[in-house]
Amino acid sequence: MHKGLRVLVVDFGGQYTHLIARRCRELGVYSEIVEPEAAEMEIKAGDVGGVILSGGPRSVFERDSPSLDLKPILEKGIPILGICYGHQLLAKLLGGRLERGRFREYGRTLIRVLEHDDLLDGLPGTFNVWMSHGDTVVKPPPGFKVTSMSKGEIITSMSDEARKIYSTQFHPEVVHTEYGGKILENFLRKICGIEAWWNPGDRVKELIEEIRSQVGEDEKVICAVSGGVDSMTTATLVSKAVGDRLYSIFVDHGLMRKGERESVEKTLKKLGVKNLIVVDARKRFLEKLKGVSDPEEKRKIIGEEFIRVFEEEASKIPGVRWLAQGTIYPDRIESGRASRQAALIKSHHNVGALPERMKLKLLEPLRDFYKDEVREIAKLLGIPDEIVKRHPFPGPGLAVRIIGEVTEEKLEICREANAIVEEELRRSGLYDKVWQGFAVVCNDKWVGVMGDERVEGYIVIVRIVESVDGMTADWHKIDHEILERISNRITREIPKVTMVAYAATSKPPSTIEPC
């Protein structure tokens, strides 16, 4: 068994690519996502113990479909695992036969194991997997054996054990695949021979030393903090490295959760982070959002205005040479890769445009970590659970939980309704068990009766989802008594609401946040 080897996840544009990398890290092996064109250079580094080929939305039959040069990998004898598109690509490159769309399979599918190779070792004879494909492998390449098939007689896995090449038509990285974790563990341990060695918590002291060695003795650092675990962890790490040469800037755009501003000030003070600058820009942002209903336009306006406000405040601090950001691994990969396969779902904002404009150097201590790994680091730094375990919150804040124009009235309703949902989830012990719970204010109104009068009030939709990673999510089957408490409190404590509804749609087809 080897220690210290990493796994490359070659990205063909699949929606689950990050899940593959995360699953490997959860199994104690450091993984990195790379573009097909960069794989050969990474392999030359000599510390790669395995290569996983991701899924993707393209068809291998398309003329310009993404491909990979397998020769450098095969020459070094590095084990390969192909998943979905990766499975089909291996068949194409190594001499197998495929058919386009002969039998499409989507969602949960029962498969039958024909032979237990090292990849399927220890698994039962039949189990459910998660499928999402149109093209199929109908004949494996020379030297390969078929190890499992679906009910529709589709090849669902194959292997060439002599060359340590394995592939699955299904997605072992998705939680809906039974024994998916075991399959990936078999690949890492039995086939690649890599011991569990990666632990993000072990790197805290190293991260602080890295920051200290990067930042000059007289140089100042600015950091945007939002109240989320990423930015708070970044500020804490940088503070421990450079002390009072860090200036943290909190822009209150008025779109925060109830009590967020006070929570940020209290937490940073407790952690010993000095020089916190709080900017009250609530009126400024509301004015910019006036009359705007399109979700993407709202996001862009908030992002651009945030950069302007941050830049104005940062320019007041003399001697600033560094910008610290809470960029995490998924942010870095998505912004750094050519997204030729992926479609835009929602735009995001950060202060990434500032370094060039202000001639600042970029400091991203969390750039190699996933969200769950950041939470582990945050705990070791002493960041309180109310920050560490806080549900994910969108960068543009409550603006994306308001359908249509953002007004002061709708914003206040949204803030109070969100607080009620979170309070009731905590009260019932559900807050830490679900991925996210929040309230959305609709643009349309519903006729209601309050006292003896007919009134028109807003519709509030409550959304609570269960997820492991946010890539897929199921709506939470909430206890009716808890839902009744939430509904009663919202209509009683927020008089302008006359209807509360519950969102009972999973992701996909819905996204988690409304817009």
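This briefing walks through a few helices, buried residues and salt bridges in the structure above. Keep in mind that the model is predicted. A search of the whole structure turns up 45 salt bridges, and three of them are described below, along with one helix and two residues worth finding on your screen.

**Helix 10**

- Start with helix 10, which covers residues 295-314 and has 20 residues.
- From its first C-alpha to its last, helix 10 reaches 28 Å, close to the 28 Å expected at 1.5 Å a residue.
- Just at the start of helix 10, look for Asp294: one of its side-chain oxygens comes to within 3.2 Å of the backbone nitrogen of Glu296.
- The buried residues of helix 10 include Ile301, Ile302, Phe306, Ile307, Val309 and Phe310.
- Charged residues appear among the buried ones too, including Lys298, Arg299, Glu305 and Glu313.

**A salt bridge from helix 10 to helix 9**

- Glu305 and Arg284 meet through their side chains in a salt bridge, at 2.5 Å from N to O.
- This pair links distant parts of the chain, since Glu305 sits in helix 10 and Arg284 in helix 9 (residues 282-289), 21 residues apart.
- Is each partner buried or exposed, or something in between? Glu305 has 2% relative accessibility and counts as buried, while Arg284, at 30%, counts as partly exposed.

**A salt bridge from helix 13 to helix 1**

- Asp372 forms a salt bridge with Arg22, and their closest N and O atoms are 3.1 Å apart.
- Asp372 belongs to helix 13 (residues 371-380) and Arg22 to helix 1 (residues 17-26), so this pair ties together parts that are 350 residues apart in sequence.
- Asp372 is partly exposed, with a relative accessible area of 30%, whereas Arg22 is buried, with a relative accessible area of 12%.

**A salt bridge within helix 16**

- Arg489 and Glu493 also form a salt bridge, with 2.7 Å between the closest N and O atoms.
- Both residues lie in helix 16 (residues 480-493), and because they are four residues apart, about one helical turn separates them.
- Here is the handy rule behind that: an α-helix has 3.6 residues a turn, so residues three or four places apart point the same way.
- Arg489 is buried, with a relative accessible area of 16%, and Glu493 is partly exposed, with a relative accessible area of 40%.
- Which residues share in the wider network? Salt bridges with shared partners join Glu423, Glu424, Arg427, Arg485, Arg489, Arg492 and Glu493 into one network.

**Two buried residues and their contacts**

- Thr267 is part of helix 8 (residues 260-270). With a relative accessible area of 5%, Thr267 counts as buried because that value is under the 20% cut-off.
- Which residues does Thr267 touch, once neighbours within four places in sequence are left aside? Thr267 is in contact with Met232, Pro384 and Ile387.
- Pro72 is in helix 3 (residues 71-75) and is buried, with a relative accessible area of 11%.
- Leaving aside neighbours within four places in sequence, Pro72 is in contact with Glu40 and Ile43.
- Pro72 and Ile43 are 29 residues apart along the chain, and their C-alpha atoms are separated by 7.5 Å.

Key: Residues numbered from 1 in each chain as written. Predicted model: local features only at pLDDT ≥ 70, side-chain atom pairs only at ≥ 80, totals over all residues. Heavy atoms only, no water. Helix = DSSP H or I, 4+ residues; strand = E, 2+ residues; numbered from the N terminus. Expected span 1.5 Å × (residues − 1). Buried < 20%, exposed > 50% of the residue type's maximum accessible area, 1.4 Å probe, protein only. Polar contact = N/O pair within 3.5 Å; in protein donor to acceptor, adjacent residues only side chain to side chain. Contact = heavy atoms within 4.5 Å. Salt bridge = Lys/Arg side-chain N within 4 Å of Asp/Glu carboxyl O.
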